[in-house]
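Please consider the sequence and model below. The report concerns ligand surroundings, a histidine environment and aromatic contacts.

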Amino acid sequence: MRLAALLAALLAAPAARPGLLEFSADEVAAIARHGPWPPPLARDASNLVSGSREAAGFGEKLFADARLSADGATSCATCHVPALQWTDRRTTARAHAQAPRNTPSVLNARFNRWFGWAGAADSLWLSSIRPLTDAREMGGAERHVVALVRSQADLARGYAGAFGRPPPGDDDELLADVGKALAAFQETLVTGPSAFDRFRDALARGDRGAAARYPVAAQRGLRLFVGRAQCNLCHFGPAFTNGEFDKVGIPVRDAAGAFDWGRYDGVKALRASRFNRLSRHSDDKSVAGAVSTRHAALNAGAYGAFKVPGLRNVALTAPYMHNGSLATLHDVVRHYSEINAEKLHIAASHPHPEPGEPLPPRPAESPLRTLALAEAEIDDLVAFLRSLTERNAQAP
Ligand code: HEC
Ligand code: HEC
């Protein structure tokens, strides 16, 4: 009797048992493109000390050193908190003043092609000196930082250990080097393999037993991700980003009524920067190394576009989007599920006319369509996103 009841329960609820969906050859190929992880670790040719242990050690000290800020109260780690996945759990960043954007994690930043939500930096080291020059972040600490590295014995020693010479007299050169040491440290911050990676590898080698250990809900979510929901059009490759900029219907106007034009302003800032890859501070003297910076287009498509973020460990880095406006992964997936032409056009409906600049034309075509997902499908996509968390991650 009890055995019969047990059998009946098992037959009635097959989904509750571990199992493996039948993935088509196309699906297996699409899934394989999200690996291997970690991908090969290439040196950054624009940074002479990329990959140097001494520089990474010096950079690690600088990252946590509040002396770098103008008032001695803020370090990089104030916003990129190690115990909070190198972000701050705030909607938008706050130190000296409220900044308009959400603090991204610096985990896996080394794999980025552009840095910051608008790609205003074309290298990890430029992205690392930008907060020193931003009054809202570390109080416009530029000149203060170079004086500090020259005058404080521990910092001057750290610099010499990393660069093999005492701090130079050229302020900009020294500031660039501070960014390069900070970058060498952040290059070491790479997430470990996740349940998804173990599944992907098992699937690739045909080990059905190991693959079946991946939760069925995550499998269904993954099938949606690479299939009907087409998330992988933008969240592509091992880091789940194509490295480019797009619009997904997140408003560009903040609570105070100010506009954030994203990539459009990012390209302007990048071109104006005296530390970009075209500058004398880049250690990559090849023409190819700066080709994407030279061609960064100030076109109408850049209006209101933001960087496609990578999705590894994303379950641990709420809130989401450039303005931190979506609180949970359920909110994010529901946003995509309900997206429509009207929502997508919000970003482009306000012209941004400045002398000599193009007006935004009609909004470009978007691959995004109303998905009208069932609640259970939303749960499945969230289960999949959660499976991108590395095994030993510290939950915030
Ligand atoms: C007040 C909070 C705050 C402080 C302090 C701060 N950051 Fe950030 N960081 C941010 C915000 C916000 C962004 C996104 C900026 C944007 O999109 O314009 C960001 C972006 C970045 C990025 C780009 C990440 C990516 O994947 O695109 C890097 C790298 C970075 N910061 C490193 C640093 C370093 C190094 C320091 C210390 C010198 C620092 N940050 C200090 C808030 C902060
Ligand atoms: C057309 C390209 C595109 C497609 C398709 C797309 N995304 Fe995104 N995704 C983006 C961009 C761009 C952002 C950042 C937008 C912003 O901040 O304004 C983003 C942000 C996110 C975030 C927030 C990450 C963070 O750290 O803040 C998640 C999660 C996410 N997408 C998941 C998905 C899922 C799931 C799908 C499929 C249902 C999907 N995306 C489809 C481009 C895309």
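The sections below address the model and its selected sites.

## Basis of the model

This is a predicted model, in which local features need pLDDT of at least 70, side-chain atom pairs count only at pLDDT 80 or more, and totals for chains, interfaces and linings use all residues. Residues are numbered from 1 along each chain as its sequence is written, chains are lettered from A and ligands numbered from 1 in the order in which they are written, and side-chain values use heavy atoms, with hydrogens and water left out.

## Iron of ligand 1

H80 is the only protein donor of the iron atom of ligand 1, through NE2 at 2.1 Å. Donors are N, O and S atoms within 2.8 Å of the metal (3.2 Å for Na, K and Ca); water is not among the atoms, so sites may look incomplete. H80 lies in the loop between α4 (76-79) and α5 (124-133); helices are DSSP runs (H or I, at least four residues) and strands likewise (E, at least two), numbered from the N terminus.

## Surroundings of ligand 2

Of the 23 residues around ligand 2, C231, C234, H235, H322 and Y336 come nearest, where near means a heavy atom within 4 Å. The largest share of this shell, three residues, comes from α14.

An N or O atom in the side chain of H235 is 2.9 Å from a nitrogen atom of ligand 2. A backbone N or O atom of H322 lies 2.6 Å from an oxygen atom of ligand 2.

## Environment of H281

H281 is located in the loop between α12 (263-272) and α13 (291-294). The residue is buried, with a relative accessible area of 5%; buried means under 20% (1.4 Å probe, protein chains only).

Conventions:
Buried < 20%, exposed > 50% of the residue type's maximum accessible area, 1.4 Å probe, protein only. Polar contact = N/O pair within 3.5 Å; in protein donor to acceptor, adjacent residues only side chain to side chain.
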